[in-house]
Each structure stands twice: as structure tokens, then as C-alpha cells.
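Student: Could you take me on a close look at the pocket region of this protein? I would like to see what surrounds it and how the parts around it are arranged.

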Amino acid sequence: MGTYRPRLDEKGRLFLPAKFRNALAEGVVVTQGQEKCLVVWPPEVFDAEADRAAERSMTSKAARSYARMFFAGGDDVVPDKQGRISIAAPLRDYAGLEKDVVVIGVRNRLEIWNPQAWEDYQAAEIQRFADLDEDE
């Protein structure tokens, strides 16, 4: 959980928030996410999501499209000794990442956002969040 505002260095590396470094020290998978963010998956969570995607019928156009987008941009990354992960240029381009980024904890994964995109997303979703009913 939480919201963090680290910066990418000149080589496109991101310091993982200290709170998550130990849990992610062995490696992560970085993929394209919906709404033009990036998703940082612990390997076991990525594997479960990959299995879920594989269970969908490839005769479904939506399933094929999801699998293509999910896997094509994926990158296995091992943090360096300082807790940095390299974000591949195509992934940075996809999410519109430059120097400043927003990292949010979302239960079992992290998301990396362009700061303006995150602000726009929050502004668009704040009322829907306020109106959510536990019975829906």
C-alpha cells in the first residue's frame, strides 16, 4: 500500500520504495498495465496472473488481445544492490515516464504512473470511488 514519488535516473532506473525492497529483492516482472501505467509483479503473483490468462480460450478475441499486450511488453528484472530496477525504454514510452514518477502499492503489486496521468486518473475516479456501495 501507499503512494511514493521517486525519480528515474538518467539510465531509466527506478529506486524501489524502501518498504518493498526486501520482498522484491529476488526479482520482478514489469509489464504494461491498463490505463497506461506499468505493473511491477512479484514473480509468484505474475505467474498466477499468467496462469489465469492462459486459462482463457484463445478463440476469444479479447483473451488473445489481453495475452498479447500482457506478455509482449513484459520484462524480467532483478534489482541491483541499491534497490534499483531498470525500466526498459519501450515500457517507459508506453507509460509516458520521464524523470518524476508515482509508484502506488496495489495489494500484491506495484504500479508506476506518469504523475499527470495519475492525477488525471484520480480526478476522474474520485466520485465513482465515493459512490461505491459494498453491495455492488
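Tutor: Here is a walk through the pockets and the sheet and helices that go with them. Keep in mind that this is a predicted model.

Let's start with the largest pocket, whose volume is about 320 Å³. Its lining is made up of 19 residues, and those nearest the centre are Gln32, Gly33, Gln34, Val39 and Tyr66. Several elements each give two or more residues to this lining: the strands S3 (28–32), S4 (38–41) and S8 (109–113), together with the helices H3 (61–72) and H5 (115–131). Sorted by class, the lining residues are 11 nonpolar, 4 polar and 4 charged.

Now pick out Tyr66, one of the residues nearest the centre of that pocket. Tyr66 sits in helix H3. If you set aside its neighbours within four places in sequence, Tyr66 is in contact with Gln34, Glu49, Arg52, Ala53 and Arg56. Gln34 is a name you have met already, as it also lies among the residues nearest the centre of the largest pocket. For a sense of distance, try Tyr66 and Glu35: they are 31 residues apart in sequence, and their C-alpha atoms are 13 Å apart in space.

Next, follow the strands of the lining into the sheet. S3, S4 and S8 belong to an open sheet of 6 strands, which has the order S1-S7-S8-S4-S3-S5 and antiparallel pairing. Strand S1 (3–4) and strand S5 (75–77) are at the edges with a single partner strand each, so one side of each has no neighbour in the sheet. Further in, strand S7 (residues 102–106) runs antiparallel to S8, and 5 bridges join the two. You can find one bridge partnership by looking at Val106, whose partner in S8 is Arg109.

Helices pack on this sheet too. Helix H2 (residues 43–55) touches S3 and S4, and its direction makes about 115° with that of S4. Helix H5 touches S7 and S8, with its direction at about 105° to that of S8.

Finally, have a look at the second largest pocket, which holds about 220 Å³ of space. Its lining consists of Trp118, Tyr121, Gln122, Glu125, Ile126, Arg128, Phe129 and Leu132. By class, that lining has 5 nonpolar, 1 polar and 2 charged residues.

Conventions
Residues are numbered from 1 along each chain as its sequence is written. This is a predicted model: local features need pLDDT of at least 70, side-chain atom pairs count only at pLDDT 80 or more; totals for chains, interfaces and linings use all residues. Side-chain values use heavy atoms; hydrogens and water are left out. On a 1 Å grid over the protein atoms alone, a cavity is a set of points where a 1.4 Å probe fits but cannot get out, and a pocket is an open set with protein on both sides within 12 Å along at least five of seven lines; lining residues have an atom within 4 Å of a point. Grid points are joined across faces, edges and corners, and a volume is the space filled by probe spheres set on the points. Helices (H or I, at least four residues) and strands (E, at least two) are DSSP runs, numbered from the N terminus. Ala, Val, Leu, Ile, Met, Phe, Trp, Tyr, Cys and Pro count as nonpolar, Asp, Glu, Lys and Arg as charged, and the others, Gly among them, as polar. Contact means heavy atoms within 4.5 Å. Two strands pair if DSSP finds at least two bridges between them. Axes are lines fitted to C-alpha atoms, for helices over the stretch in contact, and angles run from 0 to 180 degrees between N-to-C directions.
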